[in-house]
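Here is a walk through a structure for someone meeting it for the first time. Take a look at it, then read on.

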Amino acid sequence: LLDILNNSLLLQNIILCVTIPGRDLIIVSYLVVATAVIYAHFGLQHYEEWFYASGTEGEDHCYSAASCFWLIMFKAAPSGKLTSIMAKTDNRGVNGGPSFMLRVLFDFSFFIWVGVLLFNIITVLMIDTFNALREKGFKRDATLGNEGFVNGITRTQFDDMGLPNSANFDDLNAKEQNPWNYVFFSYYLAMKNPMEYNGVESYVKNCIDNEDQKWLPNRTSFKIQHAKGAAPIVVKKKQPEVFTLIENGIVDLKKELATLSNRLTDLTEKDFDTQSASAMGRLQ
């Protein structure tokens, strides 16, 4: 079910939004936990009778700092408000006005510190990371779409060269210098027996092994060289010397076979004449 993470760049970025700022998120989470500990101790000391699991009187409430801490973490921290775990109060208070104002300050400070500041810090960290990943993705797409992957020529530079209409930047990346062709050729060399390399293959394999990029076109291509007046590369089908020697040997062999055949014919005719003359002599 989680294979979709490998196929969706958006889901991968969402996971990175948590892992990249992980250290900062841990620090902010520690502040949330520390705040819950402080409010659990202070609330247990001053408002023990007001702590209720559902914020309604008559429900079970916490009697220790640990139970109040878990109650705050479970219900108050996610909502950012203490009213979800404490009984409501009014301006009459329990012991008059001062207790009411202290309770207002207790609730309001928790809301500002946890509900507004700390949770917004967590949100900002994740959103900033997501925006940075999106900008990085847009920049990568713009680079791949407007710059030659192999030769490094930009689309603007290619258009400013004044090449014929047949020359197209998209065709340069997709057909003439398709990156996958270079990958396949490198794999072909890796799988081929080095003893069977020709001169070009040996040179390219040596460059790859030494991490030398001289074998790759640098800001040029066949059409660019041809447009600038460079002599086009013409591949002449020159027959290897060994094949020429073999062909010459076959011709000589045919000649010798023809000569030998003529000699055998002559010998056969002479032998036939001799045998005929001998037979005639016997008959006489």
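## A first look

C17 is buried, with a relative accessible area of 4%. Another cysteine, C207, is buried as well, at 3%. Despite having cysteines tucked away like this, the count of disulfides comes to zero. Keep in mind that this is a predicted model.

So what does the whole thing look like? The protein has eleven helices and zero strands. Reading along the sequence, you simply meet one helix after another, in the pattern α-α-α-α-α-α-α-α-α-α-α. There are 284 residues in the protein, and buried ones make up 24% of them. Its accessible surface comes to about 20,700 Å², with 61% of that belonging to carbon and sulfur atoms. If you take the contacts between residues at least 6 apart in sequence, 58% of them join residues at least 24 apart.

**The cores**

Which residues have the most contacts inside the largest nonpolar core? They are F51, I72, L82, I85, M86 and F110, in a core of 24 residues. Helices α3 (22-46), α4 (65-79) and α5 (97-146) each supply at least two of its residues. The biggest giver is α3, with seven residues. Apart from this core lies another one, of seven residues, including F158, A167, F169 and L172.

To get a feel for the packing in the largest core, try I72. Leaving out residues up to four places away in sequence, I72 touches A36, Y39, A40, F51, A77, P78, I85 and F110.

D107 is worth a stop too. This aspartate lies in helix α5, and at 15% relative accessibility D107 counts as buried, because the cut-off for buried is under 20%. Setting aside residues up to four places away in sequence, D107 touches L82, T83 and M86. Two of those names, L82 and M86, also appear among the residues with the most contacts inside the largest core.

**Around Q177 and helix α8**

Q177 sits in the loop between α7 (169-176) and α8. Is Q177 buried or exposed? It is buried, with a relative accessible area of 5%. Its side chain has a polar contact of 2.6 Å with the side chain of N151, and it also reaches the backbone oxygen of T220 at 3.0 Å. Beyond its neighbours within four places in sequence, Q177 is in contact with V150, N151, L172, Y182, P217, T220 and S221. One of these, L172, belongs to the core of seven residues.

Next comes N178, which caps the N-terminal end of α8: a side-chain oxygen of N178 lies 2.9 Å from the backbone nitrogen of W180. Helix α8 covers residues 179-191, and its 13 residues should span 18 Å at 1.5 Å a residue. The end C-alpha atoms are 19 Å apart, so the two values agree.

**Two positive phi angles**

Most residues other than glycine have a negative phi. Two residues in the loop between α9 (199-209) and α10 (222-227) are worth a look here: E211 and R219.

| Residue | Phi | Relative accessibility |
|---|---|---|
| E211 | near 55 degrees | 75%, exposed |
| R219 | near 55 degrees | 46%, partly exposed |

E211 has a positive phi without being a glycine, and R219 does too. E211 counts as exposed because its 75% is over the 50% cut-off, whereas R219, at 46%, counts as partly exposed.

Key:
Residues numbered from 1 in each chain as written. Predicted model: local features only at pLDDT ≥ 70, side-chain atom pairs only at ≥ 80, totals over all residues. Heavy atoms only, no water. Core = buried A, V, L, I, M, F, W, Y, C linked by side-chain atoms within 4.5 Å. Buried < 20%, exposed > 50% of the residue type's maximum accessible area, 1.4 Å probe, protein only. Helix = DSSP H or I, 4+ residues; strand = E, 2+ residues; numbered from the N terminus. Contact = heavy atoms within 4.5 Å. Disulfide = S-S within 2.5 Å. Expected span 1.5 Å × (residues − 1). Polar contact = N/O pair within 3.5 Å; in protein donor to acceptor, adjacent residues only side chain to side chain. Areas by Shrake-Rupley, 256 points an atom, 1.4 Å probe, with all protein chains shown as cover.
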